[in-house]
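Reader: I've got a protein model open on my screen and I'm a bit lost. Can you show me how to read it?

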Amino acid sequence: MHKIYSVILVLLSAISVQAQQEASVEGNINDLPVHEYTLTIDQEMVNKAGKEVMGMTVNGTIPGPTLDFTEGEYAVIYVHNKMDVETSIHWHGILLPNFYDGVPYLTTPPIEPGETFKYEFEIKQSGTYWYHSHTMLQEQSGVFGSLVIQPKGKPDVVYDKELVLVLSDWTNEKPQDVQRFLKRGTEWYGIKKGTSTPLNQVVARGAFGAQLNFWKQRMEGADIADIYYPAFLINGEESIEYPEFKPGEKVRLRIIDGSASTSFWMTFGGETPTLIAADGLNVVPVKHNKTFIGVAETYDFIVEIPQDKKLEFRITAQDGSGTASAYLGTGEIAKAPEIARPDKIEMMQQMANMDMKMGAPALKSHPGKENPQEMMEEWGMEMEEMEMEMEGIQMDHSKMDHSKMEMPKDSVMKMDHSKMDHGNMKKESEMDHSRMNHEGMDMQEDMKMDGMEMFSEYNYDYLKSPEKTTYDEDIPVNNILLNLTGNMNRYIWSMNGVPLSESDKIKIEGDEVTRITFNNLTMMHHPMHLHGHFFRVINENGEYSPLKHTVNVPPMEKITIEFYGNEYGDWFFHCHILYHMMGGMARVMSYETDRDPRLDEYPLSHLLAETNQFYTWGTLDAASHMSTLNVTSSDIRNQFMVNAEYGWNQNLEAEFTYEYYLNDWVRLFGGVNVENELEDSLDELSTTAIGGIRYFTPYMFQLDVRLDNKLRPQISLEREIMIFPRLILFGEYEFQADFGWVNDLEPGKNFEEEQVWNAGFEYLLSKNFSLMGSYDNRFGAGGGLTIRF
């Protein structure tokens, strides 16, 4: 059966590869049969996780309906917006004219409230795909669904029935509130789902040294997923039955990860399934059970329903925080293997044993002058030369003058193949994994104990194209290095330390190959998706490396892709973790053709602004000895803060400041400070201008150095640590000196000083409420309630 599959797939894949290199054209120029659908997007109350909340539906359901097409048809899809906000639909993985790709303000006009937009395009491929909103965070609220395209003529694989399974995650919170909560930097989501690593657990496991290493690099610890989800769903349900499947039937499962931010491990009961397609395109069939599916990826499997049993298909969230199951058939359950929850403390220990520099900045001081090559050399593993040699990128950095290599944000190096040794290049660029398997085997064995294999499961080596996917040797190549960078504390995500709002377009040349190396310098996985194209994911299969539209890049690892430039216009390129994309990890790939005049009323600045919005949050402490109020409103570079405290002995201090982030860790600030002049009295208030610098130090201290208009220097230091689940210790010390440069000092004094300090604890009751207690050297001891808003 595998041989039959392979022969058929080779023939069909040759047609598929040809389709990848045909530029898209608007209109039904070939007079193809028209297949129409109408989709209506609306806001409705839904219950997906035990609570009625406002969601967004497509034709009244979450997920939306499956759109079925046959290759060679002409799709006409009317999308009607019944909501009170604009919306959009992107056809994920579909090769289509630029204007209908569905990214508002970039390729397609947004669909205004009450309006209908007509999408139309030729269906020139087959496979499993999906659609979703590309407006703000609407995908999280339910605007997504599946799209299945049957091949022309006979099916490419023999099976009896098929079933579409759309995987998703669900939150009862408003997605905008989730993004805001992530921006404020809090451990609550980890606490809620049991994945946090408080200090007591770290110490008990003998990992305090590893924790210090993370703190030194301004990182709390190893992380896997950011958000607490009360439910993970398959076709909208946590558990769903399909009793119509009979024993012995071969079923094609078309599996789509339509989650906003969750990647899953997929496992199957019964006999090991056969993987036959990835991201809609055929692969050489392979028996494969435990399979990782990144956000926005699709996989097709053939499963056989067991005798007298129902087959379980199980998904497990990557961080182990939840599961969902679908059951095919009837009878006793043929259980799918369970996946153990990852050990984050062990991950910390392994990473501490590796010689690497973590915490590459997400925000650069001079975004237009950064060199990605220098960033790669400065951050990550201190094994760059060895890794690059194994990847066939031999470079003598000692002879490079980096001072003369200022490149605009994303380095692009053109290579003329006519002047290259193609035989050596092909061997080096495509057989890198083979080298690792042979020449580097001893090195890998030596480093197993040091954590080098921590992310080894996350690879695509089991995916092999039935047809060669290489490009003609005479085609020039643009090499682009993209370091994936992020800041968990401020929740900013970027490439080469530059978020979307500060980036230039990445120039793509037509009739050339663009080769991108992703170098992930973060602790998170990033499923990178390129609109309107398929790309080769270079793996150990060399010339038969698979074609995909989304590639998952594991933490601290590199993956290389390449694609042929045969389109026009601008195409979006981004991490498909929705909150990472909205945090800035996106780019515009541009063929530099004229902008479509139909977009004249829809400036690109609107899209850039989506990833650089102001988010506002605050805390209020109401205690027996004092009350404090802190409010922050921040975008990527700018931040406004209000801090006020009132002691019940009538001591008041309030501060209003504006801050500008030079980079991740340094910000300049200025503002005014108001406080009472006399102890135990509010009769006299003093207002002073202040200015200075705030620095987020190694080991995660907040340092504040300032000077006021009375020329009084002040320094303060603060820190908080979670020592037990839900229990956080905090402390702050502040020292101010007055040397009499403006104020008159008492006779005989060279200077006056003021010291303020406090320490306390906070016990988290819920996302928004905590019990707190503290001692302040001005107000004494007390306790009360902390409210987060």
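Author: Sure! Start with a definition: a residue is called buried when its relative accessible area is under 20%. Keep in mind that this model is predicted.

Reader: Okay, so how many of the residues count as buried here?

Author: Of the protein's 789 residues, 58% count as buried. As for the outside, the accessible surface is about 31500 Å², and carbon and sulfur atoms hold 52% of that.

Reader: What helices and strands should I look for?

Author: You'll find 14 helices and 46 strands. Strands in a sheet pair through backbone hydrogen bonds, parallel or antiparallel. Here, twelve strands running from S35 through to S46 make a closed barrel with antiparallel pairing. On average, neighbouring strands in this sheet are turned by 20° against each other, direction ignored.

Reader: Where do strand S35 and strand S46 sit in the sequence, and how many bridges join them?

Author: S35 covers residues 615–623 and S46 covers residues 780–788, and five bridges pair them in the antiparallel sense. For one example, find threonine 619: its bridge partner in S46 is arginine 788. Helix H3 (residues 175–184) packs on the sheet and touches both S35 and S46. The direction of H3 makes about 65° with that of S35.

Reader: Which residues form the nonpolar patch on the surface?

Author: Leu729, Phe761, Tyr763, Leu765, Phe769, Leu771 and Leu785, with about 570 Å² of accessible area together. Strands S44 (752–764) and S45 (769–776) are the elements that each give two or more residues to the patch.

Reader: And why does phenylalanine 761 count as partly exposed?

Author: Because its relative accessible area is 35%, and partly exposed runs between the 20% and 50% cut-offs. You'll find phenylalanine 761 in strand S44.

Note on methods. Residues numbered from 1 in each chain as written. Predicted model: local features only at pLDDT ≥ 70, side-chain atom pairs only at ≥ 80, totals over all residues. Heavy atoms only, no water. Patch = residues over 30% accessible without salt bridge, like charges linked within 9 Å, V, L, I, M, F, W, Y side chains within 5 Å. Areas by Shrake-Rupley, 256 points an atom, 1.4 Å probe, with all protein chains shown as cover. Salt bridge = Lys/Arg side-chain N within 4 Å of Asp/Glu carboxyl O. Helix = DSSP H or I, 4+ residues; strand = E, 2+ residues; numbered from the N terminus. Buried < 20%, exposed > 50% of the residue type's maximum accessible area, 1.4 Å probe, protein only. Pairing = 2+ DSSP bridges. Axes fitted to C-alpha atoms, helices over the stretch in contact; angles between N-to-C directions. Contact = heavy atoms within 4.5 Å.
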